[in-house]
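Let's take a walk through this structure, stopping at a handful of places along the chain. Have the model open and follow along.

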Amino acid sequence: MSAPSPAPNPPRALARLQLHAGFTLDDAAERVDYYDKLGVSHLYASPLFAARPGSLHGYDVIDYHRISPELGGEPALRRLVERLRAHGMGLVLDIVPNHMFAGPGNAWWMDVLRLGRASRYAAYFDIDWRSPDPLVRGRVLLPILGKPYAQALRDGDVRLVHGEAGFALCVHEAALPLSPVSTQPLERAGERAAVLAAHDATAAAGFDRLHALIDEQHYRLALWKLANDMIDYRRFFDINELAGLRMDRTRVFEDSHALVFRLYAEGLIDGVRIDHVDGLADPHRYCRQLRHRLRSLQRQRPTGTPPGPAYVVVEKILAEGERLRGTWRTDGTTGYEFMDQVGALLHDPAGEGMLTELWQAMSGERADFAAVARTARRQILVDSFEAELDRTARALFDAARADLSTRDVSLPAIRRVLVELLVHFPVYRTYAGGLGRDAADESVFQQAYGRARRNVRIEDRELLAEVSAWLGGQSPRGLPPGRMRRARERAMTIFQQATSPMAAKAVEDTACYRYGRLLSRNEVGADPGRLALDIPGFHALCAERAHDFPHNLLATATHDHKRGEDARARLAVLSQAGVVSAWAGTVARWRERNARLRPLIDEAPAPSPADEYMLYQTLVGAWPLELAPNQPDGVRDFADRIAQWQLKALREAKRRSRWTQPNEPYEEACGSFLTRLLDPAHGFTAQLHAFVGRIAAAGAANSLLQTVLRLTTPGVPDIYQGTEFWDFSLVDPDNRRPVDFARREAAVNETASWDELLQDWRDGRLKQRVIRQLLQLRSRDAPTFAQGDYRALAVASPDGQAGDRLLAFQRTLDGHAIIVLALRHTADVLLDAATPHWDAASSAALLPDGTRVRGVRPGRYRNVLGEGEDVVDTGLDPSSWLAPLPVAVLAPTAS
């Protein structure tokens with residue numbers, strides 16, 4: 001692959017902040033001093049564009065030309081940047097090129113509804129004006145009615161109103177514009193009150209008039225349930241309120257990025273995170289175009305601001321073995337693959353068989369994750385993406401009809417082979433263009449093709465080969481200009497934009513809520529079917545990243561994670577061979593003890609065995625370290641958080657309930673079980689607290705290992721808001737709760753010793769100290785971390801086993817070295833321990849006498865995460881450095 005040119009001044013570390021009306025740009029400015037002391041170089045802001053009023057995340061943009069007034073507007077942004085620059089810090093901005101909020105407040109969208117295809121913004125949105133339904137063709141389908149159309153009119157849910165802007169259609173209190181042609185007769189009709197009364201649909205004559213008026217519009221009102229079957233604009237996943245944009249059109253690109261470019265030229269931002277890059281028609285072209293425009297603005301940046309190039313990363317899910325294209329000219333991804341890799345490293349493959357048997361015994365389900373995901377994909381195509389499936393099939397049908405040799409191919413046959421391709425697609429998307437598929441995409445497509453071929457009807461195999469050719473197997477540019485080439489290119493684009501949301505919805509939002517072998521592996525970007533990663537494999541991935549994308553973002557927590565980084569680290573302890581049997585016995589006793597709490601729904605206990613087992617895992621992972629069973633307010637708050645997670649998990653799984661058709665009796669029964677389970681009088685919370693206490697120190701050791709690797713391996717660390725302390729959060733909105741910055745600011749100013757921090761390790765200050773020490777080291781030795789090599793160090797022991805426990809590597813640049821030592825799978829020593837404190841006896845229990853790390857650059861080093869200092873030759877004794885923690889980072893004393 002072609003690696004990007006290293007940026008001369010990449011960020012040292014980012015701190016992600018979620019901004020909204022309750023935490024504004026001015027609130028962020030108040031946190032700058034804290035993050036400076038922590039050692040962060042850049043804040044990393046969620047989207048700042050004007051968004052739907054009340055938005056808690058900013059991904060529902062309504063105006064790309066303004067900073068959100070709810071966040072303080074551009075004046076507040078300038079105040080934040082002024083504070084950042086005073087501390088030598090910068091700002092990276094999350095941008096949303098794929099979609100906008102489709103509703104009131106979005107002038108572009110409203111203009112399309114008012115003028116239809118004549119709107120200057122009609123080409124901005126990815127609307128299919130050629131719907132096969134004559135009632136929708138040439139219009140935008142708006143599936144916003146809570147009742148069937150006629151009933152909604154008769155019940156007054158849709159009515160004609162008049163306001164400052166003139167006549168409008170009011171649907172559930174939201175105003176929709178009327179076409180100028182349809183309002184002219186209304187304006188000429190005389191008294192407004194009479195006109196409104198004449199269109200009162202509660203009367204028969206008024207119903208007919210209102211319907212006739214609606215029928216003249218450039219949109220069709222429809223029941224919300226029709227969206228997944230009939231929607232005629234590209235959406236973000238299956239969210240009707242987020243309409244896809246045509247960012248492949250230069251005018252759209254320039255208009256939607258004008259503010260971004262101005263902010264960069266004026267030195268107010270230093271880089272961007274590109275949200276959902278796989279939703280774009282041509283990510284390759286978009287990223288290169290964005291890089292080119294940002295480079296062209298570098299000379300306009302004020303003196304004193306980083307000169308560039310801008311830091312650019314893309315939100316992209318990479319499957320195992322998949323690599324980001326260097327030709328995109330980005331600095332890398334937002335780091336989901338690192339979260340997967342370091343998470344897998346924490347797990348012990350020795351426990352995989354027992355965990356699989358336990359899941360099957362507890363749940364009664366024998367399918368592996370790959371099979372669960374395939375089933376979910378097949379269901380999602382019907383339940384959520386029927387309209388997208390139909391649009392893709394029709395595009396392929398157009399391609400077939402454009403060629404005389406395939407004009408007899410039927411649309412149903414195309415749908416059949418398309419479904420099998422989508423069900424068996426191994427990655428989120430491919431990137432074929434005018435030249436067809438490159439080698440990487442061809443390899444991916446052959447996997448999908450081979451699996452699909454085994455599942456399609458024999459009669460459809462020849463068509464499957466044709467479809468494969470149309471989707472990039474043959475170069476469209478090799479065809480003569482004309483209809484056939486255009487049809488092939490369009491089919492390819494629509495297919496590639498469809499695969500990513502379908503995969504995400506099926507895997508992340510469905511299968512990960514169905515398969516529960518060990519929930520610490522059910523994370524965005526991870527494969528729950530792959531439990532563990534060995535140390536040599538982790539080294540190889542780090543070395544590859546150092547070569548290809550040295551400034552890739554490294555994340556272990558995000559606003560999209562399903563479990564906090566420390567919840568996952570704790571659950572990973574359950575995979576260790578010495579723990580999994582204890583866990584199996586414990587959960588069996590819990591199920592037996594709690595059986596009487598389960599209500600019967602349709603003669604079956606609720607929750608189901610699978611849902612109950614995943615609930616126990618969630619309780620173990622999320623139980624706060626400082627919570628005791630005799631604290632009723634704390635237990636009540638915890639129960640509320642779990643209840644919120646449980647409801648979302650049941651609906652996302654789509655087995656017994658779902659968002660579109662909630663199974664309230666089952667949900668209420670599960671909620672009742674949870675309430676009774678966590679009632680202190682039942683006694684379960686005491687058992688839960690005791691079990692968490694057994695594995696907590698080993699979980700903390702995992703967390704510290706994960707933290708150290710995020711801050712020392714090649715890449716740019718991303719610190720999600722609040723995770724400097726222990727993070728046992730759950731999926732959103734739980735992972736977006738307010739952060740107690742006062743505690744963190746007080747702790748960062750403390751000078752407590754390592755022993756004091758270890759004594760009170762449950763309060764989170766220990767983790768914060770590790771982060772601060774390593775960020776300060778990154779500041780002092782910035783070139784080593786930004787440009788240095790990554791080299792695995794050999795671990796030798798008499799029994800040959802230490803290399804499976806001890807991770808050792810060094811970062812080197814121009815004779816300067818940083819050495820990292822980290823122990824994994826420490827439950828043998830830390831199970832039932834009061835603290836994660838490490839000493840010589842602990843090392844001896846895991847590392848046999850004579851264990852040495854070889855290939856070290858000689859010199860005098862000190863342990864940044866302790867108080868040790870000594871001269872090191874080409875080999876070192878790791879046990880002499882692994883104290884007071886099972887991780888150590890050695891820096892030259894001259895640094």
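Before the first stop, a word on naming: helices (H or I, at least four residues) and strands (E, at least two) are DSSP runs, numbered from the N terminus. Keep in mind, too, that this is a predicted model.

With that naming in hand, go to N522, which sits in the loop between α19 (483-507) and α20 (535-548). Is N522 buried or exposed? Its relative accessibility is 1%, so N522 counts as buried. The side chain of N522 has a partner there, reaching the backbone oxygen of Y515 at 2.6 Å. Setting aside neighbours within four places in sequence, N522 touches C512, Y515, P528, K562 and R563.

Two of those names, C512 and R563, turn up again at the next stop, in the lining of the largest cavity. Rolling a probe the size of a water molecule over the atoms shows where empty space is left. Here the structure holds ten cavities of 30 Å³ or more, and the largest of them has about 120 Å³ of space. Its lining is made up of C512, Y513, L519, R563, D611, M614, L615, W645, Q646, A649, L650 and A653. The elements that give two or more residues to this lining are α23 (609-622) and α24 (632-653). Which element gives the largest share? That would be α24, with five residues. Sorted by class, the lining of the largest cavity has nine nonpolar, one polar and two charged residues.

Carry on past the end of α24 and you meet K654, in the loop between α24 and α25 (664-677). Most residues other than glycine have a negative phi, and most peptide bonds are trans. K654 has a positive phi of about 60°, although it is not a glycine. K654 also counts as buried, because its relative accessible area is 9% and the cut-off is under 20%. H825 is another such case, with a positive phi near 55° in a residue other than glycine. Look for H825 in the loop between β24 (816-823) and α31 (827-830); its relative accessibility is 2%, so H825 is buried.

The peptide bonds have their own exceptions. The bond from D732 to P733 is cis, with omega near 10°, and P733 belongs to the loop between β20 (716-720) and α27 (741-748). The bond from A883 to P884 is cis as well, with omega near 5°. P884 is in the loop between β28 (875-876) and β29 (887-892).

Now jump back to α4 (residues 107-115). At the start of this helix, a side-chain oxygen of N106 comes to within 3.1 Å of the backbone nitrogen of W108. Which residues of α4 are buried? They are W108, W109, M110, D111, V112 and L113. An α-helix has 3.6 residues a turn, so residues three or four places apart point the same way. The buried residues in α4 form an unbroken run from W108 to L113. Just after α4, G116 takes a positive phi of about 65°.

Finish at R591, in helix α22 (residues 577-594). R591 has a relative accessible area of 18%, so R591 counts as buried, the limit being under 20%. Apart from neighbours within four places in sequence, R591 is in contact with M362, R598, P609, E612 and Y616.

Note on methods:
Residues numbered from 1 in each chain as written. Predicted model: local features only at pLDDT ≥ 70, side-chain atom pairs only at ≥ 80, totals over all residues. Heavy atoms only, no water. 1 Å grid on protein atoms, 1.4 Å probe; cavity = no way out; pocket = protein on both sides within 12 Å on 5 of 7 lines; lining within 4 Å. Points joined across faces, edges and corners; volume = space filled by probe spheres on them. Nonpolar A, V, L, I, M, F, W, Y, C, P; charged D, E, K, R; others polar. Buried < 20%, exposed > 50% of the residue type's maximum accessible area, 1.4 Å probe, protein only. Polar contact = N/O pair within 3.5 Å; in protein donor to acceptor, adjacent residues only side chain to side chain. Contact = heavy atoms within 4.5 Å.
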